[in-house]
Amino acid sequence: QVQLVESGGGLVQAGGSLRLSCAASGSIFSINAMRWYRQAPGKQRELVAIITSGGTTNYADSVKGRFTISRDNAKNTLYLQMNSLKPEDTAVYSCNLDVRTTTSNSLFRYWGQGTQVTVSS
C-alpha cells in the first residue's frame, strides 16, 4: 500500500506565497510522473502542473511564471511553490502520483487527500 500526505495549504493574502508538499510512503519501488491538480467550488478539476521522472515540467497557462513544481526522489516527496498568489488560485489542491510498488510491475495512480488554499483579496 501507498499513502500520500499533503501539507502546506492555508490562508494567504493576494501576492503572498505558499509551498505545498506531498509525501509518499509505503511499498514504493519507483515513482513516475507526479502532478498537482486543483478544484475550485463549482468548477472542474484542473491540472496545475506535472513533473516527469526525468524532471521535465509543464504548467497550466494560468500559473506559468508563478508556480514551480519540484520533486525530491530520495524522500518520495512532491512540492509546489506558489508565488504571487491570486484570489482565483483559491481551491483544494491535490497531488497525484504514478507509483510502481514493490509487489507489482504495474503502475498505479494514487491521490493525496487534498489541501485547501485560500487567497484573500
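Is Tyr37 buried or exposed, and at what relative accessibility? At 16% relative accessibility, Tyr37 counts as buried, because the cut-off for buried is under 20%. The views below come from a predicted model.

**View 1. Tyr37 and Trp111 form a tilted aromatic pair.** The count of aromatic pairs comes to one. The ring centres of Tyr37 and Trp111 are 5.0 Å apart and the ring planes stand at 45°, so the pair is tilted. Tyr37 belongs to strand 4 (residues 28–39) and Trp111 to strand 10 (residues 107–111). With these positions 74 residues apart, the pair links distant parts of the chain. Tyr37 is buried, whereas Trp111 is partly exposed, with a relative accessible area of 35%.

**View 2. Two arginines lie over tyrosine rings.** Arg45 lies over the face of Tyr37, 5.5 Å from the ring centre. Tyr37 is also the partner of Trp111 in the aromatic pair. In the other case, the charged end of Arg19 sits over the ring of Tyr79, at 4.0 Å from its centre.

**View 3. Strand 9 pairs with strands 4, 10 and 11.** Strand 9 (residues 91–101) has nine of its eleven residues buried, so this strand is largely enclosed by the rest of the structure. Its pairing with strand 4 is antiparallel and runs over nine bridges; here Arg35 has Asn96 of strand 9 as its bridge partner. Strand 10 pairs with strand 9 in the antiparallel sense over five bridges, and Asp98 has Arg109 in strand 10 as its bridge partner. A hairpin of five residues joins strand 9 to strand 10. Strand 11 (residues 115–120) is antiparallel to strand 9 as well, with three bridges between them. Thr115 in strand 11 stands opposite Tyr93.

**View 4. Four strands form an open antiparallel sheet.** The order of the strands in this sheet is 1-3-8-7. Strand 1 (2–7) and strand 7 (67–72) stand at the edges. Each of these edge strands has a single partner strand, so one side of each is left without a neighbour in the sheet. On average, neighbouring strands of the sheet are turned by 15° against each other, direction ignored.

**View 5. Strand 7 pairs with strand 8 at one edge of the open sheet.** Six bridges connect strand 7 and strand 8 (residues 77–82), and the pairing is antiparallel. Within this pairing, Ile69 stands opposite Leu80 in strand 8.

Conventions
Residues are numbered from 1 along each chain as its sequence is written. This is a predicted model: local features need pLDDT of at least 70, side-chain atom pairs count only at pLDDT 80 or more; totals for chains, interfaces and linings use all residues. Side-chain values use heavy atoms; hydrogens and water are left out. Rings of Phe, Tyr and Trp (its six-membered ring) pair if their centres lie within 6.5 Å; planes under 30 degrees apart count as stacked, over 60 as edge-to-face and the rest as tilted. Helices (H or I, at least four residues) and strands (E, at least two) are DSSP runs, numbered from the N terminus. Buried means under 20% relative accessible area, exposed over 50%, partly exposed in between (1.4 Å probe, protein chains only). A charge sits over a ring if NZ of Lys or CZ of Arg is within 6 Å of the ring centre and within 35 degrees of the ring normal. Two strands pair if DSSP finds at least two bridges between them. Axes are lines fitted to C-alpha atoms, for helices over the stretch in contact, and angles run from 0 to 180 degrees between N-to-C directions.
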